[in-house]
Amino acid sequence: MAKDKIIGVDVGGTFTDLVTIDGDTGAIRIAKTPTTLDNQAFGVNNALDMADLDLASVDLIVHGTTTTTNAVLERKLSRTGLITTAGFRDVLELGRRTRPQPYGMTGQFFPIIPRDLRLEVPERMDATGAVLTPLDEAGVARAVRDLLDAGCEALVIHFLHAYANPAHEQRAARIAAEIWPNDYITTGHSLLSETREFERGVTAAVNASVQPLLERYVTRLRNELSQKGYRGDVLVMNGNGGMVSSRLVAREAAKTVMSGPASGVMAAAYTGRRAGEENLLTYDMGGTSTDVALIRDSTPSVSNEIEIEYAMPIHVPMVDVRTVGAGGGSIASVDAAGLLQVGPASAGADPGPICYGKGGTQPTISDANMLLGRLNPGKLNSVTGGVSKDQIADIFADTLGAPMGLDAIQSAEAVIRVANAKMAGAIRMVSLSLGADPRDFALFAFGGAGPLHAADLARELGIPRVLIPARPGITNALGCVVADLRYDYVQTVNLALGADAVGRIHAEFADQIAAGNAAVARETVTLTEVRQLFSVDMQFLGQSHVVRVPLDTPVPTEAELRQGFEKVYWNRFKVELPEIRARIVNVNTSVIGVSDPVDLSRLIDPDGRHATATPSEHRQVVFDGVVHDTPIYWRDHLPADATLTGPAIIEQLDTTVLIPPGDHVTSGRDGNLILHIGGAP
Amino acid sequence: MSLDPITLSVIQAGLQQVCDEMDLSFSRAAFSPVIAEANDRSDGIYSAEDGALIAQGAGGLPVFVGTMQYSTRVLIEMIAAGTVAAPKPDDIYIVNDPYLGGTHLMDVRFARPFYRNGKIFCWLSNTGHWPDTGGAVPGGFSASATSVEQEGLRLPPVRLFKEGELDPEIYAIICSNIRVADQRIGDVKAQAAALMVGEDRLNALLDRYGDDTVQEAIAELRVRAETQMRSLIDEIPDGTYRSRAWIDSDGVVNEPLAIKLMVTKTPGHLQFDFSESSPPCMGPMNSVLATTLSSVYLAMRHIFPEVPISAGAFAPLEVLRPDGTFLDAQYPRPVSGCAAEVSQRIAEAVFAALVDPLPDRVTAAPAGTSGNFALGGHDPQAGRDYVMYQLSGGGYGGNADHDGLSNGCSTIGISKAPPIEIMEQNFPVLYHKYAMREGSGGAGKHRGGLGLEYEVELRRGTARASFVMDHGRFGPQGALGGADGAVNEVRISRSGGVYTPEHLSKEQDIPLTAGDRVNVKTPGGGGYGDPADRDPDLDREDRRLGRV
């Protein structure tokens, strides 16, 4: 059975995107409006108005929000207090003795919870979970009252070794619950029962300090939607790529951090699976940054070691999206060595590139694309400042061309070449660090600028094919529509592999399955099935890093665990170490409530397509120093089976697809385009 | 010049990428946590003629900035002189001799000739910090060695891999001289594999752009890096700048060691003169020449982080050979403290000399010690011997823009400290405190960052505690009117009372029994600028939060 009428709406840093799919007809509507940062619900409302939808007939709304991400990055957090083990209140500020960059002895760090709101109580467990100092219950009550008096709205209770024995945290939380006026109490072990007091503590602190903000936001949004006649549930995207009811989301609010990028990767995996491309490197280039992720067998890589900025780890399982720097707004300059550099400085969204006409005066990647004819100069007229191509050319000639002995066009080509070389290098590093050779993957290009650079990047990386989805600019919103429910569990066990360990692992898996099934059962969405994924994190004794070993069963034998570990280790490092014993560090379960499939076949309206591919115009575009009279096509008008040979440019509302000479394009299902690099099949 | 500037930029990025991939490969496959987690390793490309640094991985440990070009140069010279066997394709030399362009014995270098068309085009080399290379104490950081033989096994350059095959005889000699030898094969394979990765990637780069073009680009990049560094150091007014920095003691003779630096700036040129520094010392706080040079380079890179690491960037920096001082130690002087401690004091001297002419670029002195506390003992419950390391951070110096960072990593490192929970899982210890050290930051317009205070108890059995730290006698220097940061303190509470090491920050093998406690307070950073100029709001905030 197909899903009913469903809306996905994603709030990004710049735009709020909406896509709606009618389960019966497959009809699709799209809207894009500027994000309203102070109250994201305004932008959501604007998008709904623009799409002109009768909310009474909508069955499900799935929402991706940057409320929590922005709150953390800007430290606009609810006032939050910490109660922790005596002697350790500074753990959250000391971190792991790092600095923001390898070179340069400067930098600052602002803890999530300031020092005067971090209180200590006597209590102590050892690493086995044995109680060394009993919990001072009266002390807990006192600390709770003190924090309340200090104006705190949310509370974190974080004790050493609570992953091994949560009894003190649980008891303290019960004491606090009798005093605290709301539900915003987070215990350290509850989100992720894993060793490492700084990371676990920061995760809990982030959770508590965004809970009230998220709750208020989703409550307001639900009210406004119901006033517009909506009667269904609002689900919110998590950073693990799964969705959860807005009524439950605030309990584990930290999981919504980075949900937008995760959502895009989920859409890529879904689109790829339908297209028969199960191994993808996703490449999302926007105005300010470029995100990269890896999908194997239609499954995005997930990590529970994401750091969203310097010394800000959020250790809950999240889709492993890496930011590799440059976006369209990255600034090009010539350094004191006379060498062209692109980034890391960025013109951002405001003033943005020169071509935005908002006062930008420094040459950027987007400006270079404009000068080379790759971006439509017609767009220059529509923006506010009204900058001309000549003005951009003059700036390129002066700031870049003069010191390098090049003209404006040559400078622009240089910017693109250097930017692509650096981006390709960064993508390669991400891929290698995840144990993958990029040549074994297809590139999935999205975001406003992704399809403009994808062909050159793929060539640089030795990738044969690029998949460009029908609507690259609304991929995150599409991720909301295709998402499943997902609950992840991690428990540290630290057991040397042996007969004793196996029984304990089976018991942990059983607990996690029960918790996950119960969580899925609380949701109201209709599901086609409930699936479980099992894995263990293992290492050789003496090592500090772990590798993740996927398991087919929650009751693995000792031999299966050992063989699974050896296989993963070999694939990753090409090293066999039969003489050394293995250890199981963490037990992990993901419970996935698979939602009904969504039909993407009408992302580009078949009725709007023309019978033949006819260019709407021709433009002078520079490739490798040569000007080509290049046909420009409108994506929505291409026949469903169009094939094109470069040089060509395909334009659409949300992006521009560049096909350099020698590459060609074929059409796939769901309106996808497939770029074949240098004649690759 | 026939090369276009775009190709030059792209080849520069390509060479950097080759090194970064070597770094990544080495860390990910390495067995030892020192390499895998702490990134105590580095990879680079070196010229075939004289070993000059062509490119080095951006993620390498800072103390290795430039060091491998000296070991590679010595190797090339020894091959030419016939004192080391000539290379064949797929050979890998191993060397850790500090006096042949090295650091301390634990930093083991591999060097592999890279051939194109039957000729050596360049060398690929890497360094990894091995957890042990034998010697008097596990881990090699003796606080009281008086000759290099006590510090561990010293290897001249020998071919550990011959035409791609590990020489089992050499490997057997190494393994019978080091501790936990059974785990080392994992690191050896990882270190060799990283060089193979470099070879593959460099071949791909050469195939794409052509050997001549790349060769020409390398030469041109060297010239341009030099130009870039010259233009940056011209921010410094011509003149002479002096500074001093002190090491508490050498661990054997309880007297401070002085680093006396005179920097002379002339147009496009900086000369570093350390010749007035203390003579070579009895204990392990000597530095070898290669480490002294790279300490100056790493300090300059902290000041000018935008300059890529290459021989060209070092060319305008002339370090007069400080012969006759402890910064140019000769065999058999012990040197285990050079990479972790002396290097940081050299960097401090460079910062202190240049903060006056470059007040916006340079900070007051950071804590500048690796804070090495080692505990070796027997755990009766687990039935095994163990060696535990606690490396600690300290406060950074204040700077023109803001207060110093608290609990930052050592100047020469980039590694994270291990979590307390993992320490308690692996060793019979219990921490009672892990806290910001209140009041430790030097006062200033922008004060120094806070040091760390921790207290740890031995729960079972007996053990011996060793300390290799510094700044116990003199705190990290304030700058431009700022006060010094608080000194490093070590206190041991035993049943007989409280014990403080005679050398304050260094001592070896202090016996502990169950219930004894070690309390360490690490240095705060130096203050920057006159405290009277401090914003009163910042002061109030500091008092409210108990930072001062």
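**Helix packing, chain contact and local backbone features**

In this predicted model, the axes of helix H4 (residues 137-149) of chain A and helix H5 (residues 167-179) of chain A come within 9 Å and cross at roughly 45°. Helices here are DSSP runs of H or I with at least four residues, strands are runs of E with at least two, and both are numbered from the N terminus. The axes are lines fitted to C-alpha atoms, for helices over the stretch in contact, and the angles run from 0 to 180 degrees between N-to-C directions. H4(A) and H5(A) are therefore oblique to each other; angles under 35 degrees count as roughly parallel, over 145 as roughly antiparallel, 65 to 115 as roughly perpendicular, and the rest as oblique. The crossing of H4(A) and H5(A) is right-handed, a label used when the near helix is turned clockwise from the far one by less than a right angle, with left-handed for anticlockwise. On the H4(A) side, Glu137(A), Val140(A), Ala141(A), Val144(A), Arg145(A) and Leu148(A) do the meeting, and their partners in H5(A) are Ala172(A), Ile175(A), Ala176(A) and Ile179(A). Contact means that the C-beta atoms of two residues, placed from the backbone, lie within 7 Å.

As for the bookkeeping, residues are numbered from 1 along each chain as its sequence is written, while chains are lettered from A and ligands numbered from 1 in the order in which they are written. Because the model is predicted, local features need pLDDT of at least 70 and side-chain atom pairs count only at pLDDT 80 or more, whereas totals for chains, interfaces and linings use all residues.

A second helix pair in chain A brings together H1 (residues 40-51) and H7 (residues 197-227), with axes 10 Å apart and an angle of about 30°. That makes H1(A) roughly parallel to H7(A), and this crossing, too, is right-handed. Here Gln40(A), Ala41(A), Val44(A) and Asn45(A) of H1(A) meet Tyr217(A), Arg220(A), Leu221(A) and Glu224(A) of H7(A).

Then there is H15 of chain A (residues 499-522), whose 24 residues reach 36 Å from the first C-alpha to the last, close to the 34 Å expected at 1.5 Å a residue. That expected span is 1.5 Å times one less than the number of residues. Its buried residues are Ile505(A), Glu508(A), Phe509(A), Gln512(A) and Gly516(A). A residue is called buried if 20 or more other C-beta atoms lie within 10 Å of its own, exposed if 12 or fewer do, and partly exposed in between, with C-beta atoms placed from the backbone. The cover over these buried residues of H15(A) includes strands S25 (484-496), S26 (527-540) and S28 (582-595) of chain A.

Leu119(A) sits in strand S6 (residues 118-121) of chain A and, with 19 C-beta neighbours inside 10 Å, counts as partly exposed. Apart from neighbours within four places in sequence, Leu119(A) touches Gly81(A), Leu82(A), Ile83(A), Arg89(A), Ala143(A), Asp146(A) and Leu147(A). Leu48(A), by contrast, is 71 residues from Leu119(A) in sequence and 46 Å from it in space, C-alpha to C-alpha.

A few backbone oddities also turn up. Met258(A) has a positive phi near 65° without being a glycine; this residue lies in the loop between strand S12 (242-245) and helix H8 (259-275) of chain A and is buried, with 25 other C-beta atoms within 10 Å. Ser298(A), also not a glycine, has a positive phi of about 65°, but counts as partly exposed with 16 C-beta neighbours inside 10 Å. The peptide bond between Gly343(A) and Pro344(A) is cis, with omega about 0°, and Pro344(A) belongs to strand S22 (residues 340-346) of chain A. In chain B, a cis bond with omega near 0° runs from Tyr331(B) to Pro332(B), and Pro332(B) is in the loop between strand S11 (317-319) and helix H9 (338-354) of chain B.

Chain B holds eleven helices and 20 strands, and 62% of its 548 residues count as buried. Where the two chains touch, chain A gives 57 residues and chain B gives 65 residues. On the chain A side, the largest share, nine residues, comes from H12(A).
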